[in-house]
Amino acid sequence: MSDKPDLNAISHDLHAVRLEKLAQLRATGEDPYREEWPQTHVSQDCAKLLPEGVEEGPEVSVAGRVVAVRVMGKASFVKILDRGGVQQCYFTRDALTDCYDTHFKKLVDLGDFVGVRGKLFRTKTGEVTVRAADYKLLAKALRPLPEKWAGLTDAEKIYRQRYLDLIVNEDSRRRLMIRSRVVESIRKFFWSRQFVEVETPVLHTIAGGAAARPFETHSNALDCDFYLRIALELHLKRCLVGGMDRVFEIGRVFRNEGVSVKHSPEFTMLEAYQAYSDYRGMMELVRSLIQTVCREVLGSTTVTRHDGVAIELGGNWREVKYKDLIIEKTGDSQWFSRTKEEKIAACKKMDLHEPRSDWEDYEVTNEVFGKLIEPTLIQPTFVTHIPKELCPLAKVTVGDESTIDVFELCINGQEIAPAYSEQNDPGVQRKMLEIQAGAEQHKIDEDFLLALEHGMPPAGGLGIGIDRLVILLTGAVNIRDVILFPTLGPDNNPV
RNA sequence: GGCCAGAUAGCUCAAUGGUAGAGCAGUUGACUUUUAAUCAAUUGGUUCGGGGUUCGAGUCCCCGUCUGGCCA
């Protein structure tokens with residue numbers, strides 16, 4: 001190829017410039033998408049291989065994406081990003097006589113993947129660096145990276161093009177890596193307690209186990225409608241019936257409801273069921289779980305929120321009855337004997353939006369809990385003896401017919417984990433579900449009730465919102481910041 | 001679902017209703033230990049889409065799309 005390609009003419013079109021460079025590479029017989037490279041070390045290893053005081057280290061072979069290039073004539077510094085972080089490499093014309101000017105300087109761009117082999121040395125500013133004896137272009141990037149200093153800040157782009165966010169924003173990388181390690185640590189915890197992990201269906205003919213609006217879909221083969229699951233509960237209980245007496249699942253659930261800083265249409269739930277235990281046992285289980293995960297992943301049981309508030313997860317956790325919290329907040333020791341109208345009037349006085357008139361009595365009270373109490377529960381708190389209307393799947397408290405053997409674990413002003421003594425009396429369970437279903441009796445999961453009639457062992461059950469737990473452990477503000485690819489509408493501006 | 005805010009170069013952002021600019025990135029050149037390297041020159045725009053007002057619209061009005069925040 002003798003005619004010089006005119007990059008000047010197309011220099012405004014970053015994509016075209018890189019396509020032209022790709023064509024030039026191929027014209028010389030190099031296909032940058034078919035090269036191989038043995039990666040022997042990552043950036044983190046390199047620093048360990050060159051202890052303080054040692055000037056020259058062993059040869060390493062690293063690979064990653066070029067995220068910074070500083071060319072100074074016949075020598076250049078190149079930073080590459082791999083799974084361990086950023087590694088600096090030093091390219092010189094002396095060491096790369098045949099390709100430094102013609103290949104490296106002309107055809108390698110920010111964003112490209114390269115492999116670099118060479119001995120480690122320390123620069124005069126002390127940075128451990130690979131002195132390139134050899135390198136290869138491993139994949140050509142045809143699109144530019146975001147701006148090197150301001151990075152990527154547009155929220156829509158961060159979520160839509162998460163890969164760019166991961167390349168340029170170290171905080172995002174760290175947060176999402178923590179998420180991965182949290183899930184790993186949770187699995188190990190349950191395995192160590194002889195729980196088995198199962199996978200239950202996402203497609204349900206009846207969306208049970210929680211009160212939420214489901215997404216709907218259709219099977220052509222079976223010619224019937226399905227719902228995407230809103231909870232894992234009812235199938236895991238079938239596992240208990242089947243004799244899997246310690247069982248857990250980590251799975252995506254879907255709720256076709258509002259989207260907010262705390263709510264995503266699809267999110268990840270952990271549910272665990274332990275036969276012959278109860279909600280008290282679940283208290284020990286969840287506290288031990290969160291403390292273990294915290295120590296393993298963060299190395300500490302103290303976490304700091306984005307606003308600097310410290311949350312201490314170590315030691316024992318506060319335990320308080322739902323009714324006591326309500327009475328304390330409303331300052332009314334007779335709250336639970338007031339009429340609904342009196343409660344609504346009291347809500348107005350407490351600057352709460354007026355509860356809707358079609359609400360049930362317990363919903364008015366729960367509005368006080370949700371709006372005025374839960375957000376103040378920053379340090380870990382077990383809220384116990386919840387009104388029975390709030391969950392039809394738990395056992396009623398012996399000695400108090402109005403409450404159930406349940407706790408809601410609140411941390412960081414959010415409900416992190418509910419747990420119950422699971423209802424296993426098929427007659428009582430049917431009645432509770434019938435009350436909940438009201439006019440919509442067809443929404444009762446008869447197959448689940450049939451399973452209960454075969455006998456389910458007494459059990460404690462636990463649910464944890466993984467996303468919220470990760471928010472807690474990373475100090476994130478928004479649930480989208482701990483989900484790799486959050487749910488978004490269709491792209492307004494496709495390329 | 002309601003209200004408010006936003007969308008301008010690849011990225012981050014400017015621009016009284018009056019010629020759409022800057023930094024980085026890109027291109028060309030200088031430079032063998034840089035750390036947002038530096039220096040010189042330089043290319044680059046359907047201002048989210050569609051209507052309207054106006055002599056004139058990135059800017060004002062209406063509709064739509066997407067995003068963010070608050071609320072239900």
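Here a trainee and a mentor talk through a predicted model of chain A with RNA strand B.

Mentor: Residues are numbered from 1 along each chain as its sequence is written, and chains are lettered from A and ligands numbered from 1 in the order in which they are written. As the model is predicted, local features need pLDDT of at least 70 and side-chain atom pairs pLDDT 80 or more, while totals for chains, interfaces and linings use all residues; side-chain values use heavy atoms, without hydrogens and water.

Trainee: Why is glutamine 88 called buried?

Mentor: Buried means under 20% relative accessible area, exposed over 50%, and partly exposed in between, with a 1.4 Å probe and protein chains only. Glutamine 88 has 5% relative accessibility, so it counts as buried.

Trainee: Where in the secondary structure is glutamine 88?

Mentor: Glutamine 88 is in strand S3, residues 85–92. Helices (H or I, at least four residues) and strands (E, at least two) are DSSP runs, numbered from the N terminus.

Trainee: What makes the pairing of glutamine 88 with threonine 129 a polar contact?

Mentor: A polar contact is a pair of N or O atoms within 3.5 Å; within protein, one must be able to donate a hydrogen and the other to accept it, and residues adjacent in sequence count only if both atoms are side-chain atoms. The side chains of glutamine 88 and threonine 129 are joined at 3.0 Å.

Trainee: Which atoms of RNA strand B and glutamine 88 come together?

Mentor: An N or O atom in the glutamine 88 side chain is 2.8 Å from a base oxygen of RNA strand B. For histidine 12, a polar backbone atom is 3.5 Å from a base oxygen of that strand. The side chain of asparagine 478 has an N or O atom 2.8 Å from a phosphate oxygen of RNA strand B.

Trainee: Which residues come nearest to RNA strand B?

Mentor: Lys21, Arg70, Asp94, Lys124 and Thr125 come nearest, out of the 50 residues around the strand. A residue is near a strand if one of its heavy atoms lies within 4 Å of it.

Trainee: Which element gives the most to that surface?

Mentor: H5 does, with four residues.

Trainee: What makes chain A differ from a compact globule?

Mentor: The radius of gyration, taken over C-alpha atoms, is set against a rule of 2.2 Å times the number of residues to the power 0.38. For 495 residues a compact globule would have a value near 23 Å, but chain A has 29 Å. The C-alpha trace spans about 90 × 60 × 50 Å along its principal axes.
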